[in-house]
Amino acid sequence: MTELLKLQGLTKAYPGVIANDDVGFEIAKGEVHALLGENGAGKSTLVKMIYGLTKPDSGTMTLHGETYVPTSPQAARAAGVAMVFQHFSLFEALNVAENVALGMENPPKMKDLAKSIREVSENYGLPLDPDRTVGDLSAGERQRVEIIRCLLQDPKLLIMDEPTSVLTPQEVEILFKTLRQLQSEGTSILYISHKLEEIRSLCDEATILRLGKVVGTCDPKATSARDMAELMVGETLHIPTRDAKPSGAELLSVKDIEFAPQNPFGTRLKNLSLTVKAGEVLGIGGVAGNGQDELLSVLSGEARAQSGSVTLEGKEVSKLGPNARRKLGLLTAPEERLGHAAAPNMSLIENTALTAIIRKKLSKNNFINWSKTESFAKEIIKTYDVRTPSAAAAARSLSGGNLQKFVIGREVMQDPKVLVVNQPTWGVDASAAASIRQALLDLAANGAAVICISQDLDELMEISDHFAALNEGRLSAPRLAKGLTVDEIGLMMGGADGASKAEPEAEPETMGASA
Amino acid sequence: MDLGSISLVAFLASLMVASTPILLAALGEMITERAGVLNLGVEGMMIIGAICGFAIAVESGSAAVGFVGAAVGGALLSMLFAILTQFLFATQVPSGLALTLVGVGLASFIGQPYVGAAPPAVGKMPIPVLEQIPFFGPALFQHDAMVYVSLLLTLAIWAFLKFTRGGLILRAVGENHDAAHALGYKVRLVRVMAIGFGGAMAGLGGAYISLIRVPQWTDGITGGVGWIALAIVVFASWKPGRVLFGAYLFGGLTALQLNLQAANVPLLLVLPYLVMLAGVVYLAIAVAAGSWKKTLDVKPTLKTFAQFIGSGLALLLVGIATNYASGLDLLLLSSAPFVATIVVLVVISARSKGASNGPAMLGKTFQAH
Amino acid sequence: MISLVKRPQPSKAWVVATPILAVLITMILGGLLFAAMGKDPFVAIRTIFWDPLFNPDFAAYSRPQLLVKAAPLILIAIGLSLGFKAGIWNIGAEGQYIIGAITGASVGLAFYPMEAWFIFPLMVIAGALGGMLWGMIPAILKTKFNAPEILVSLMLVYFAEQIMIAVSLGALRNPDGNGFPGSRNLAQYASSANPELIAGTGAHWGVIAAFAAVVAAYVLLSKHLLGFQIRVTGESTRAAGFAGINAKRLIIFCLGISGALAGLAGLFEVTGPAGQITTSFNTGYGFTAIIVAFLGRLNPIGILLAGLLLALTFIGGELAQFMLSLPSASIQVFQGMLLMTLLAMDIFVNYKVVLRKKEAV
């Protein structure tokens with residue numbers, strides 16, 4: 001195979017951090033090349049340089065043996081480099097054809113474009129209607145829009161940034177089929193991921209980045225996942241331990257929630273029911289955008305579902321606001337750390353007051369006791385090893401992992417009866433993720449009920465007693481997590497396992513015994 | 001009181017003149033907002049346009065040169081806003097307010113020597129053939145050139161947004177600036193141009209007031225028209241056709257006010273019937289459109305109709321109860337545009353049920369990473 | 001190459017430094033403007049900023065004026081700052097000021113010519129209530145129908161001005177005024193007058209109220225739960241929702257309080273310095289207070305200082321108009337430029353300017 005793209009000595013520094021340090025590797029024609037690394041390893045910076053979004057401080061790139069200096073994404077696309085983004089670069093209010101046109105240099109007339117979108121999407125097994133508004137599409141369909149947008153330009157190199165994080169296992173299979181088809185047609189693919197099994201099944205070669213440097217290359221098909229993981233992380237991992245625990249009384253019960261969100265592009269929750277018992281961890285999987293945010297908001301009290309739908313320890317709470325629910329012991333930690341779980345420009349002390357005033361009794365006659373708040377903030381920082389210069393530092397100055405530890409710690413240390421978390425370890429480095437998961441398990445071991453909404457199936461399998469999946473606002477019937485196969489999980493995530501014909505829930509005794 | 005002295009032809013003609021400045025300014029602001037930028041400085045840019053246009057027209061002796069100068073003046077002032085919000089990442093709301101404060105002060109400052117000056121007269125530009133049509137000719141086709149320019153601009157902007165690549169990029173930037181940036185579009189450049197266009201259009205609108213509608217220079221000559229233009233953009237759901245409708249609605253109100261005042265007819269004598277008439281027109285349109293699209297929703301339609309009739313009757317009662325007192329009537333007449341703006345804002349906001357159908361990035365600061 | 005780097009957290013030093021620098025830069029820009037008009041820039045700046053306080057020829061008159069003009073600015077700006085902090089944009093304080101003056105004056109005039117101790121307190125209450133009600137209109141329209149409070153509150157300024165004109169010509173017109181527009185002079189009616197309390201200072205009841213408002217706002221924002229809720233809402237509405245803050249209640253509170261404070265400012269003005277409701281009673285305090293609020297960094301102490309400074313520009317501006325025949329609009333331009341410069345300088349609070357040597361690629 002001949003080489004398509006060669007990177008040599010690429011270095012890019014931002015103030016205070018060297019994002020890429022002397023990075024070099026080659027991608028051959030028709031090769032699927034994996035770029036592996038943890039969050040913050042420098043993958044996105046590298047990709048931005050290849051796609052012309054930033055310029056390297058030093059180093060060279062050659063494409064087809066010629067010097068390649070893309071000054072803009074347009075230039076990159078003209079040179080045959082296309083990219084599918086992790087956070088979609090799509091416009092919700094515009095239709096599919098308009099979205100595609102925006103990603104092309106010289107789009108044909110809208111009518112012709114619509115026709116070629118239909119053709120190409122059928123050819124690659126990714127059917128798509130050009131007239132639909134993107135905001136109404138599912139995450140999987142949105143990704144198709146991005147892929148079609150790239151394919152219409154006949155790329156030589158296709159960059160895919162974490163493409164499967166929004167897909168069900170079945171959809172992943174379809175995507176891989178498409179990618180293999182492209183590969184057979186001679187297109188090279190740079191595949192960015194931290195999911196090792198995927199890389200093992202798809203990629204021909206892997207380059208591993210850690211802290212901005214290339215720490216190794218390997219043939220993923222011949223290397224074990226464990227070896228790659230250790231290269232990626234650079235240390236042996238502490239894997240959370242799951243203590244066997246007795247199951248207790250039913251703490252939270254949700255019955256037939258029907259909820260339409262304010263946001264026109266949000267997901268409507270349909271006929272959603274669940275229960276959690278003391279000591280139990282319920283894992284809720286599902287592709288992003290299937291109602292995760294909405295479920296968290298009706299549980300936290302930010303949004304209200306119909307009355308009678310949410311019951312905490314036998315008490316009807318569906319019409320209560322967040323603080324009234326906190327008082328009763330129902331705490332939550334939303335996905336978005338900055339701007340939802342924490343106010344970015346406020347200090348950690350103030351962010352402690354954000355949710356902890358009620359349970360920790362931090363105010364008297366509506367006057368806040370700031371010194372008491374500060375000492376609780378310091379306690380969280382100490383207990384959860386939050387790396388920050390001081391409790392007075394602004395939330396936005398913390399790294400994602402540290403802020404997440406703070407947010408989870410803040411809720412866990414208020415001693416909740418029920419804790420609901422959404423994407424607790426998203427974008428968090430491996431060791432912080434492990435300690436967050438351990439905190440959730442410890443909480444359950446002490447008799448609280450935990451609902452963990454996540455798109456990371458490995459995480460859910462690791463900590464859950466029961467597993468259920470969200471699909472288009474419906475929740476599948478929860479099943480014992482132990483012994484679930486990937487196929488079964490995929491079917492649940494795809495909605496095949498209807499919530500209506502729920503199989504009988506495992507009895508508490510059985511559950512306790514099986515764990 | 002002499003209702004008969006109000007001629008419908010003259011009323012329609014004055015309606016178009018009264019609407020044109022609002023239309024120009026609102027079209028410009030609509031483009032700015034479609035790019036995701038909320039510029040609250042319309043009033044300031046308008047008044048700068050008004051004085052620049054006036055001063056340049058007086059000095060050069062040509063109204064056309066004056067209008068060009070007004071557009072340039074408005075655009076230049078808007079660049080202050082562009083620098084603040086696009087390059088220094090200042091928040092848009094206070095920056096827009098600052099622009100208005102600076103604009104109003106600066107205009108009064110520049111305008112001092114021009115108080116009492118007379119601008120060159122702007123001739124009518126009747127449209128051949130069409131002007132001959134009885135009734136419609138004098139009402140619609142015997143205006144100055146700017147009236148037609150403003151209508152042509154409405155059409156051009158509609159076509160630009162709907163059919164051109166430039167329009168698509170503008171909308172894309174307003175919908176999701178991060179995605180537009182990731183695809184390689186120059187978000188900042190697009191926005192600066194949109195802000196400048198908004199400034200130029202506001203400038204034209206202001207100059208229309210000082211050169212044609214009034215025509216003379218006094219402090220605070222725009223008298224809140226810029227703010228009304230901002231409200232019209234919201235009312236119009238950021239669509240050019242509806243901006244035209246909204247601007248003419250307000251122009252109509254202003255023209256009505258002036259005509260009634262001239263004829264010495266109390267507003268409260270006429271308004272109740274106008275409101276009820278509007279209700280009937282609404283019902284007719286809703287039924288026609290609904291049966292055409294086969295989506296007639298009877299209950300809410302009837303409810304809205306009943307609200308129109310109800311408010312009409314209420315106004316009628318107020319009129320009778322106050323015996324058409326002249327003081328109250330004067331107050332109502334002079335504050336009608338502002339009260340109507342509030343009513344319109346409430347109606348449109350209540351309709352959209354809290355979900356704004358404006359550009360998703362409206363008012364948000366963009367920073368490339 | 002110069003590049004901007006976002007600071008990990010807002011710089012406290014720059015928060016304080018930017019208003020001061022903004023004032024200095026605006027002075028330089030203003031000086032250039034005056035020079036362009038053929039005036040000596042140094043004399044002009046001295047006349048505006050120095051002479052009213054320290055020139056023996058003017059200070060005796062001007063110094064007390066400082067508090068007289070600063071009081072309404074501070075009162076209104078304190079109210080506005082609470083809303084601005086929470087992202088609630090009341091820009092119609094001018095209207096609330098007018099209505100407060102009218103309702104307060106109406107109560108006083110209703111008692112005329114009776115003399116009683118309770119008349120003035122009643123007027124104060126009426127003024128605050130009037131302003132509050134006028135501020136509640138945009139609040140209710142916002143919470144019930146989601147109508148944009150910026151535009152509604154501003155439209156209500158124009159409406160209030162028309163009401164002011166109507167009552168000056170009608171309901172409140174002085175029956176003994178020979179047909180001139182305008183009400184009776186309240187400052188000359190003992191029970192409604194708001195006199196200078198300490199001779200030579202200019203301090204009237206409005207000044208006391210302004211200082212009280214500063215202290216109350218300081219305590220509210222730093223210690224009280226409600227103040228914390230205001231700050232969180234301004235930082236992030238989603239985080240505020242998560243913290244269980246009732247956004248509607250906050251809108252009602254902020255617009256109500258700012259309306260009441262603006263109404264109070266109007267009442268103290270009409271009973272004291274202005275004396276009567278006329279067709280030109282309002283002089284733009286409600287708009288200048290927006291500048292005061294921002295220049296004071298939405299911080300009560302800052303607003304106190306900023307209010308005094310802007311009051312000085314009013315007095316100095318009048319002096320410069322009189323002494324150097326500077327046009328009155330130049331002060332308006334100056335004030336607007338001040339706000340612009342401040343907003344421009346704000347970048348230093350959140351960004352560091354870094355000079356980087358560009359390596360050859």
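Me: Where in chain C does C:S325 lie, and why is this residue called exposed?

Reply: C:S325 is placed in the loop that runs between α13 (300–324) and α14 (329–345) of chain C, where helices (H or I, at least four residues) and strands (E, at least two) are DSSP runs numbered from the N terminus. A residue is called exposed if 12 or fewer other C-beta atoms lie within 10 Å of its own, buried if 20 or more do, and partly exposed in between, with C-beta atoms placed from the backbone. C:S325 has 9 such neighbours inside 10 Å, and therefore counts as exposed. The model is predicted, so that local features need pLDDT of at least 70 and side-chain atom pairs count only at pLDDT 80 or more, while totals for chains, interfaces and linings use all residues. Residues are numbered from 1 along each chain as its sequence is written, and chains are lettered from A, with ligands numbered from 1, in the order in which they are written.

Me: What is said of phi at C:S325 and at A:Q423, and what makes A:Q423 buried?

Reply: Phi of C:S325 is positive, about 45°, although the residue is not a glycine, and A:Q423, also a residue other than glycine, has a positive phi near 50°. A:Q423 sits in the loop between β19 (418–422) and α14 (430–445) of chain A. Around A:Q423 there are 23 other C-beta atoms within 10 Å, and set against the cut-off for burial this residue is therefore buried.

Me: Which bond joins C:Y112 and C:P113?

Reply: These two residues are joined by a cis peptide bond, with omega about 5°, and C:P113 belongs to the loop between α5 (93–111) and α6 (119–145) of chain C.

Me: How do you know in which sense α1(B) and α9(B) run relative to each other?

Reply: Helix α1 (residues 8–34) and helix α9 (residues 187–213) of chain B pack at an angle of about 170°, their axes being 7 Å apart. The axes are lines fitted to C-alpha atoms, for helices over the stretch in contact, and angles run from 0 to 180 degrees between N-to-C directions. Angles under 35 degrees count as roughly parallel, over 145 as roughly antiparallel, 65 to 115 as roughly perpendicular and the rest as oblique, and α1(B) and α9(B) are therefore roughly antiparallel.

Me: How many residues of chain B and chain C are in contact, and what makes two residues count as a contact?

Reply: Two residues are in contact if their C-beta atoms, placed from the backbone, lie within 7 Å, and by this rule 38 residues of chain B are in contact with 36 residues of chain C. On the chain B side, α14(B) supplies the largest share, 13 residues. That side divides into 27 nonpolar, 11 polar and no charged residues, where Ala, Val, Leu, Ile, Met, Phe, Trp, Tyr, Cys and Pro count as nonpolar, Asp, Glu, Lys and Arg as charged, and the others, Gly among them, as polar.

Me: How many residues take part where chain B touches chain A, and which element of chain B gives the largest share?

Reply: The contact takes 12 residues from chain B and 18 residues from chain A. On the side of chain B, α7(B) gives the largest share, four residues, and by class that side has seven nonpolar, three polar and two charged residues.
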